[in-house]
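Student: I have a new model open and would like to talk it through with someone. Could we take it one question at a time?

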Amino acid sequence: MDHLKLLDLFKSKYKSSSPRVFRSPGRINIIGEHTDYNEGFVLPAGIDKEIVMVLGANSTDTCNVYSLDQDEEVTFTFSEYLSVKEEWAKYIIGIVDQLLKSGHRIGGFDCVFGGDIPIGAGMSSSAALECATLFGIDQLFSLSLGKLDMALMAQRAENQFVGVNCGIMDQFASVFAEKNKAIKLDCRDLTYEMYSLDLEGYQFVLVDSMVKHSLASSEYNVRRAECEEGVAFLNSRYPAVKSLRDASITQLESVKSDLNPGVFKRCHYIINEISRVSKAAEAMGKQDLKELGRLLYETHQGLQHEFEVSCEELDFLVDFTREREDVLGARMMGGGFGGCSINLVQMSRIEDFTLQVEKAYMKKFGQRPFVYQVYTEKGTSEILS
Ligand code: GLA
């Protein structure tokens, strides 16, 4: 993303002096899907697709925000921002709302932003927008928020203002990411370990099904509620179980006949997925990429048949890879109902993989999928020119 272009645009639109430029990355998630809000583990990494934002204080109590991609501007004040209808602006106003609710004193600002994270592809463009906004405002008005506070506040903005009851993974990854590293995050106590992403001749490749996950936010909240229902029942039998992180498959099996079959399946997937993340991190640490790939396929199986958040197009993309010796593993990535598959592909074969997957998908669905080779990138920062 060309930040100088955004800076020129900012200067042509707004008068505020000393604008500064901030950025925050999207993310991939290697494994650990829907585990974050169940106090489990996740294994995301920041990527070289990002939101770039130019911000300047304007010494008024009005905020002007221009989205380059939408070619739209919204204006709001701190006493009147709830009426803003533009969906894209909610991620920014949600941050302002959080800051005001926590008693921070901020002034009006002008803002121009853009980015190259495809929207609805499951690479967390919304978390990147929230984190760039929060970090930028923090810097502009010297709020001195810590990184963890920022991730948590950005998550609350999404929960409370946008209305998606998401976990902490995306915002945490956007803020804490490091180049060439994946973050094994314990979503219970928010401690983390960095794992090297040196994959000896292999690389993660994303294939965008181009299906936009419109069901995602409503079904996401339903899945979360189903997990909570499972925990409530398990807790009535096993008081030590406060989240699915605490539950074992044996405990779950023992209450199977009392649980709604759908709830049982959701919980079964989550309990296994939480332990798969640790196995995957261990395999990565030992450079056992075959095992890592096998675990990715296992996760997809669970997401498809037990958690039921996949779709025909994503299943097709994963099945396409099964016979290929140059792909060690694949699965749908992110919340589900569309977006990308993540594939562990032999580097020297990426070109052929790309050609063949495009051809097969085109033949089946009449649409070309977008293939991305992703590179890791560091978390939220200021771009200094
Ligand atoms: C979305 C949410 C995350 C996480 C994933 C599924 O990306 O924002 O918190 O739950 O779905 O793993």
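What follows is a friendly exchange about this predicted model.

Student: Let's start with Ser341. Is Ser341 buried or exposed?

Tutor: Ser341 sits in strand β11, which spans residues 340-346. To count as buried, a residue needs a relative accessible area under 20%. The value for Ser341 is 0%, so the word for Ser341 is buried.

Student: Which residue shares a side-chain polar contact with Ser341?

Tutor: Good one to check on screen. Setting aside neighbours within four places in sequence, Ser341 is in contact with residues including Val205, Leu206, Val207 and Met333. The polar contact joins side chains at 3.1 Å, and the partner of Ser341 is Asn343.

Student: Leu206 came up there. Which strand holds Leu206, and is Leu206 buried or exposed?

Tutor: The strand is β9, covering residues 202-208. Beyond four places in sequence, Leu206 touches Cys340, Ser341, Ile342 and Asn343, among others. With a relative accessible area of 0%, which is under the 20% cut-off, Leu206 in β9 is buried.

Student: What separation do the C-alpha atoms of Leu206 and Gly339 have?

Tutor: Along the chain, Leu206 and Gly339 are 133 residues apart. In space, their C-alpha atoms are separated by 9.5 Å.

Student: Now the interior. Which helix gives the most to the largest nonpolar core?

Tutor: The largest nonpolar core has 108 residues, and Ile28, Ile30, Phe76, Phe109 and Phe204 have the most contacts inside it. The top contributor to this core gives 12 residues and spans 261-285: helix α8. Apart from that core lies another, of 14 residues, with Val205, Ala330, Val345 and Val357 among them.

Student: And the ligand: which residue has a backbone N or O atom 2.6 Å from an oxygen atom of the ligand?

Tutor: The residues around the ligand include Arg27, Glu33, His34, Asp36 and Gly335. Glu33 places a side-chain N or O atom 2.7 Å from a ligand oxygen, while a polar backbone atom of Gly335 is 3.5 Å from an oxygen of the ligand. The backbone atom at 2.6 Å belongs to His34.

Student: How much of the ligand's area does the protein bury?

Tutor: Taken alone, the ligand exposes 310 Å². The share of that area buried by the protein is 91%.

Student: Last one: how many residues of the shell around the ligand are charged?

Tutor: Sorting the shell by class gives four nonpolar and four polar residues. The number of charged residues is four.

Key. Residues are numbered from 1 along each chain as its sequence is written. This is a predicted model: local features need pLDDT of at least 70, side-chain atom pairs count only at pLDDT 80 or more; totals for chains, interfaces and linings use all residues. Side-chain values use heavy atoms; hydrogens and water are left out. Helices (H or I, at least four residues) and strands (E, at least two) are DSSP runs, numbered from the N terminus. Buried means under 20% relative accessible area, exposed over 50%, partly exposed in between (1.4 Å probe, protein chains only). A polar contact is a pair of N or O atoms within 3.5 Å; within protein, one must be able to donate a hydrogen and the other to accept it, and residues adjacent in sequence count only if both atoms are side-chain atoms. Contact means heavy atoms within 4.5 Å. A nonpolar core is a set of buried Ala, Val, Leu, Ile, Met, Phe, Trp, Tyr and Cys residues joined through side-chain atoms within 4.5 Å. A residue is near a molecule or strand if one of its heavy atoms lies within 4 Å of it. Accessible areas come from the Shrake-Rupley method with a 1.4 Å probe; for residues, only the protein chains shown count as cover. Ala, Val, Leu, Ile, Met, Phe, Trp, Tyr, Cys and Pro count as nonpolar, Asp, Glu, Lys and Arg as charged, and the others, Gly among them, as polar.
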